[in-house]
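Q: I would like a close look at one part of this model, taken residue by residue. Please keep the answer connected and state the distances where they are available.
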Amino acid sequence: MINGWMSHQAESSVSIYQVADDCMRLSLYVISCAGFGVNLDWPGAEDQRKQPLTNRHAASNTEKETKPSEIDGDHRMSYVDALQTLLHNMLWIFIFPIFLMKWLPFSGIRRSYTSYVEWGRHLRELFDNKKDDIAAGKGQEGMDLMGFLCKGAGLTSGSTVRDSEKLQSEPVLNDTEIMGNAFVFLLAGHETAANSIHFSCLYLAMHPASQRRLQKSLDRIFASRPISEWEYERDFTALFSTMAGAVLAEELRLIPPVPAIPKCVPRNASPQTLVINDQKYTLPPSTYINLVSLAAHRNPKTWPAGPPSDPKNPVHPNSNTDNDLEEFKPERWLHDTAQISDDPAEKDQYTEDAPNTATGTNSSNALHRPPRGAYIPFSEGYRACLGRRFAQVGVLAALAVIFKDYSIELGVDKYASDEEVEKMGEKERREVYGKTVGDVRALMMEKMGMLFTMQIRGANVGVRVVKRGEERFADLYQ
């Protein structure tokens, strides 16, 4: 992904506008590998694998021309094409009955139907392959999500038939439920992680000083070790407990995956007690409520807040105009001032003695701990997101890889060319970058929308990716 960005900039002076799409692709590839054991190559990679994705998954870049009624033939879409098309057109799947879609006279809807059927076939084949592997005693180490679902459903080594004792002792998933759960994991997980990577990059580009602190933090964690020597057991706690974890926590505070989380008291359940500001409320059966994460994450009664950075030009025109809770300030999560300081001589807080992360929590114990209910990007309690830790690891790894050796700045093409920027003094560059930051804030205010998760809809933000030390605007915000 980074190589593609750098190649684009080497060939053109235009900023990169496909960062959101690339983050979505990156997240999709990660989940395909971790969830289904399918390794995918980045488009344009020089070391393209010559073998198909699986023994039965020949990849193609185009869909074969076919009539909808002939969908039962050979694969008409590759694994990647089917999955990406399906995810981009899920709205049609929800709106129209499946049996009707193949007959509607709209190419987009018919292609959505094709992707739905083809992805179902690919998923079935992956499931059958996994069952065969388990029966043959293969793939026991480092098993992916599909493998764990199969094992949890009673499939055991040496047999493709479910363990009868397990079937009798506890409820297990049938084949349809296994594939359904696998798809939900894919749909919910890839957008959440992709959005966090994308918005973290944008926020860090808008706040170069925080970006510099993140990079110095990464330097202390990894030193000169190459990426091939990074280890989960050794490095994740340090990432999660320091500036990288603070960046992710702050991004999720401002832009949670969904703005509201639905909850209900089932019809046949007992009344439930809800406590708000020390006041108890009784919710009767068949009551539905929404936990509005956007509001909870900005409540000055439960969050420490300082004065706004620019009282005359608040980030939001109406909300929290007297404090900084609408602003991106990852430093608010850091207890240790040594992590905030730009002085490299400060005491190193990134050793193996760093506090362990709390399993199943929304942020690290080493960071600021909001009161219960104040921070719910992954919900809370028994119904909290099962993929929370997977998403956190994936986002932190991506941010570490990007910002260890590179910097991201907003593209100022709208106001000045590269040649004009080179001739500018500090005041002019600060003015141009400030205007660009304002434009991005306006986009995030006006174009933010939600289909499954919150994203900027109908617009893209241009950025520049440069090697560290080659920034054009970093020195303005030390």
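What kind of contact joins the side chains of Glu331 and Arg213, and what is its distance?

A: The model is predicted, and the distances that follow are computed from its atoms. The side chains of Glu331 and Arg213 are joined by a polar contact of 2.8 Å. Glu331 also makes a polar contact with Ser210, again between side chains and at 2.8 Å. As for its setting, Glu331 belongs to the loop that lies between helix α13 (293-296) and helix α14 (337-340). Its relative accessibility is 14%, and because the limit for a buried residue is under 20%, Glu331 counts as buried.

A second glutamate, Glu471, offers another set of side-chain contacts to examine, and Glu471 is found in the segment that follows strand β8. Leaving aside residues up to four places away in sequence, Glu471 touches Arg212, Ser407, Glu409 and Val466. With one of these, Ser407, the side chain of Glu471 forms a polar contact of 2.5 Å with the side chain of its partner; the two residues are 64 positions apart in sequence, while their C-alpha atoms are 7.0 Å apart in space. The side chain of Glu471 further reaches a backbone atom, the nitrogen of Gly469, at 3.0 Å.

The contacts with Ser407 and Glu409 lead to strand β5, where both residues are found on one side of the strand. Strand β5 spans residues 406-410, and since five of its five residues are buried, the strand is largely enclosed by the rest of the structure. This cover extends to both faces, with Ser407 and Glu409 buried on one side, and Tyr406, Ile408 and Leu410 buried on the other. The pairing partner to consider here is strand β8 (residues 463-467), which runs antiparallel to β5 and is joined to it by five bridges. Within that pairing, Glu409 has Arg464 of β8 as its bridge partner. Glu409 is thus a bridge partner of Arg464 as well as one of the residues touched by Glu471, and Glu471 itself comes after β8 along the chain.

Note on methods:
Residues numbered from 1 in each chain as written. Predicted model: local features only at pLDDT ≥ 70, side-chain atom pairs only at ≥ 80, totals over all residues. Heavy atoms only, no water. Buried < 20%, exposed > 50% of the residue type's maximum accessible area, 1.4 Å probe, protein only. Helix = DSSP H or I, 4+ residues; strand = E, 2+ residues; numbered from the N terminus. Pairing = 2+ DSSP bridges. Contact = heavy atoms within 4.5 Å. Polar contact = N/O pair within 3.5 Å; in protein donor to acceptor, adjacent residues only side chain to side chain.
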